[in-house]
Amino acid sequence: MSRTALRICPLCEATCGLTLTIEGTRVTKARGDRDDVFSKGFICPKGASFGAADGDPDRLRTPLVREDGELREATWEEAFDAVAAGLRPVVEEHGPHAVGVVLGNPNVHTMAGALYPPVLLAGLRTHSLFTASTVDQMPKHVSSGLLYGDAVAIPVPDLDRTDHLLLLGANPLESNGSLCTAPDFPGKLKALKARGGTLTVVDPRRTRTAKLADRHVAIRPGTDALLLAAMAYVLFEERLVDLGELAPHVQGVGELADALRDFTPEAASPSCDVPADVIRELARELAAAPTAAVYGRIGSCTVPHGTLASWLVDVLNILTGNLDRPGGALFPLSATDKAPRPAGPGRGFALGRWHSRVSGHPEAKGELPLSALAEEIDTATGEGSPVRALIAVATNPVLSAPDGDRLDKALGSLDFMVSVDPYLNETSRHAHVVLPPPPPSQAPHFDFAFNAFAVHNQVRYTRAAVPLEPGRMAETEILARLVLAATGMHGADPAAVDTLVVDQTLGKAVTDPHAPVHGRDPGELAAALTGDSGPERRLDMMLRLGPYGDGFGARPDGLTLEKVLAHPHGIDLGPLGPRLPQPLKTRSGKVELLPGPIAGDLPRLREALRERSEGLVLIGRRHLRSNNSWLHNVPALTGGTNRCTLHIHPEDAERLGLTDGAPVRVRGAGGAVTAPVEVTDGIRRGVVSLPHGWGHDRPGTRMSHAALDPGVNVNQLLDGSLLDPLSGNAVLNGVPVELTRTS
């Protein structure tokens, strides 16, 4: 007999509510939850394929331990004994920085991935942290940190109320949104147009999103910052700057005008290949709109001036008075965020508190560039020890980082590696221990990360839809035990990790005069927590201490875990609203419009005014049915238009003698790959595109369907030397390549 259960989809950032049909312990169908307060029944092909992804027969069911060079199935006890025996000697002999930690994109899609890695890092005290952020959104974190004093204070476009939306390097009809959590992003864009609003898309490709736009600007890849700087110049030149109610909260307007005086539309036009009159029109339209929002994503982050482009996105929102107002760009307020404190100066945001051992890359937000991971392992020179042991959680950097071949070899040289991953993939195949989490149907779900970027404030939590199978271990327990094994407490009760966090958090809260629990007994508060597990007790604590919480009885109508559980389709917490100056944590207590590191990087952007792209440049792309390399092993999400082909404009194809479907050799600084040609006028001249996340052809993996059509690893074309200097983000777009016909 079948039954239904609710589940929040973990397969992309849209966080749609699902209604699952379950027969026994198998998910046989997934449809949108029409009563979900946020997604209202919307579903995309990934969500519809939840059951297929959940039940993939290639998912590992038991731990693997390396013995005599081969991975064998093992018990959980054997696996964690091996983890403790492999990690602790490295820490004790070479110090904590000799242990690297790599966190992949899927971490922010699970409860466990949000709750336990911070505890692991605090216990290890390693500076060798690498995450997917530095091949994705780190420029936005850095620019927000410098502007607002908080690297996670990222304003999102008010999609439901804006009159004018300018998108750069974003294709939400394929990605479903990123750093902007919005179920049914396509529907929101169509609604914008239906109410008479304007959609402008800046992208080298005529993407599905660009086809919907009122204006598509086919910019030369990598020059977004020049376009935005020229638009800001126009606002100053034509006296269109109007901060409105933002004025008391912003400093540095005059200094910014001086800093941008060289970035005229006429100067920027040849480099970004956008006519000067179009640049002026874009600026005027933005200023004239009743409300407007500028939103830039991965295409504007993974370029040489990614942090400057991210900064200028917010600069334009500020100069037009559209930051922190309905219809503009607003700061979300998550239910598990810290309760708002009185506004005032904060500690600010610092870059470069430490540097990578080999190339001296500055840390950003506590992280080193993922591009530097290989050299931190395989290069002996430099102060301190190389990375000798690695903890990899839900990550596949052999495919996601530049120069995967070098990293592949480096991983094979490690003294010890533990991987938390459901698959034996291109990265986890090197591990000495593989710890597989259960499928998502057997795990609870709360979106700690994505609710902080949601376009509407709400709270939703779903418990596991299917009981944990015998022999499986909950991901929360896996990571708790990993914390204990890595920090010298192997064998302790994993519940001690949650107890420690609760005790520390409540102990700090009761000493905070601004907290609703100030002066109370932390033991009494801990005893009042509800939930069936340590993670649920932690969630209850965060909800109660959060901006909508009950403050442990201080606000009887506030949120608790019990109240959220009583509303299985979620609780609507209302539209986003103005929040300044409360989110600001800069030393001045204001939006610092021209921070020192930004001003210091502007000369490099001025140099780009004189640069002209010669030859072909490469950009990436993503398909609606893909999310990096995660889902290529699910048959329902591959095939059709989701193929690893090289997009090229017909004129470039004709000039090079390339025909549709024929193989072509693509060479970059890091190597070469061969892919089939796909001739299309959906890409501008001088630009070619390969999707990312492919290259499933290495031996020793167990992803049988992905291996049938492996594609090629686009990041192998990169040698890892091109980085945005402020954020350490890899330059993945706008890189030179050469094409050669193959017989």
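These are my notebook entries on what I looked up in this predicted model.

**Entry 1: cavities**

I began with enclosed space, and the count came to 4 cavities of 30 Å³ or more. The largest cavity has a volume of about 90 Å³. I then listed its lining, which is made of 13 residues, and noted that Lys140, Ile154, Pro155, Tyr295 and Gly296 are the closest to the centre of the cavity. Two elements give two or more residues to this lining, namely strand S13 (293–296) and helix H15 (306–319). Sorted by character, the lining residues of the largest cavity divide into 8 nonpolar, 2 polar and 3 charged.

**Entry 2: strand S13**

Since S13 had come up in the lining, I looked at how its side chains are placed. Ala293 and Tyr295 point one way from S13, while Val294 and Gly296 point the other way, and all of them are buried. I also looked up its pairing: strand S9 (residues 164–168) runs parallel to S13 and is joined to it by 4 bridges. Within that pair, I recorded Val294 of S13 as the bridge partner of Leu166.

**Entry 3: helix H6**

Lys140, one of the residues closest to the centre of the largest cavity, is also one of the buried residues of H6, and I turned to that helix next. Helix H6 covers residues 138–148, and 11 of its 11 residues are buried. The buried residues include Met138 and Pro139, as well as Leu146, Leu147 and Tyr148. For what lies over them, I noted that the cover includes helix H14 (298–301), H15, strand S20 (591–592) and helix H24 (596–608). H15 therefore appears in my notes both as part of this cover and among the elements lining the largest cavity, taking a cavity as a space where a 1.4 Å probe fits but cannot get out. Directly after H6 comes Gly149, and I recorded its phi as positive, near 85 degrees.

**Entry 4: Thr586 and the loop before S20**

I followed the cover of H6 towards S20 and looked up Thr586, which lies in the loop between strand S19 (571–575) and S20. Thr586 has a relative accessibility of 2%, so I entered it as buried. With neighbours within four places in sequence left aside, the contacts of Thr586 are Leu146, Leu147, Tyr148, Gly149, Pro345, Gly346, Gly348 and Glu592. Pro581 lies in this loop between S19 and S20 too, and the peptide bond leading from Leu580 to Pro581 is cis, with omega near 5 degrees.

**Entry 5: backbone angles**

I set the cis bond against the usual expectation, which is that most peptide bonds are trans and that most residues other than glycine have a negative phi. With that in mind I looked for positive phi values at aspartates. Asp184, in the loop between helix H7 (172–175) and helix H8 (185–194), has a positive phi near 60 degrees. Its relative accessibility is 28%, so I counted Asp184 as partly exposed. Asp273, in the loop between helix H12 (265–272) and helix H13 (276–288), likewise has a positive phi near 60 degrees. Its relative accessible area is 38%, which makes Asp273 partly exposed.

**Entry 6: the seven-stranded sheet**

I then traced an open sheet of 7 strands, whose order is S5-S4-S17-S16-S15-S6-S7 and whose pairing is mixed. Strand S5 (70–73) and strand S7 (129–131) each have a single partner strand and stand at the edges, so each has one side without a neighbour in the sheet. From one strand to the next, the twist averages 15 degrees. At the S5 edge, strand S4 (residues 64–67) and S5 run antiparallel and are joined by 4 bridges, with Glu70 in S5 as the bridge partner of Glu67. On the packing against this sheet, I noted that helix H5 (residues 117–124) touches strand S6 (99–103), S7 and strand S15 (389–393), and that its direction makes about 165 degrees with that of S6.

**Entry 7: Arg544**

My last query was whether Arg544 is buried or exposed. Arg544 sits in helix H22 (residues 534–545), and at 10% relative accessibility I entered it as buried. Beyond the four-place window in sequence, its contacts include Ala528, Leu529, Thr530, Asp550, Phe552 and Arg555. I also took one long separation: Arg544 and Pro290 are 254 residues apart in sequence and 38 Å apart in space, from C-alpha to C-alpha.

How values were computed
Residues numbered from 1 in each chain as written. Predicted model: local features only at pLDDT ≥ 70, side-chain atom pairs only at ≥ 80, totals over all residues. Heavy atoms only, no water. 1 Å grid on protein atoms, 1.4 Å probe; cavity = no way out; pocket = protein on both sides within 12 Å on 5 of 7 lines; lining within 4 Å. Points joined across faces, edges and corners; volume = space filled by probe spheres on them. Nonpolar A, V, L, I, M, F, W, Y, C, P; charged D, E, K, R; others polar. Buried < 20%, exposed > 50% of the residue type's maximum accessible area, 1.4 Å probe, protein only. Contact = heavy atoms within 4.5 Å. Pairing = 2+ DSSP bridges. Axes fitted to C-alpha atoms, helices over the stretch in contact; angles between N-to-C directions.
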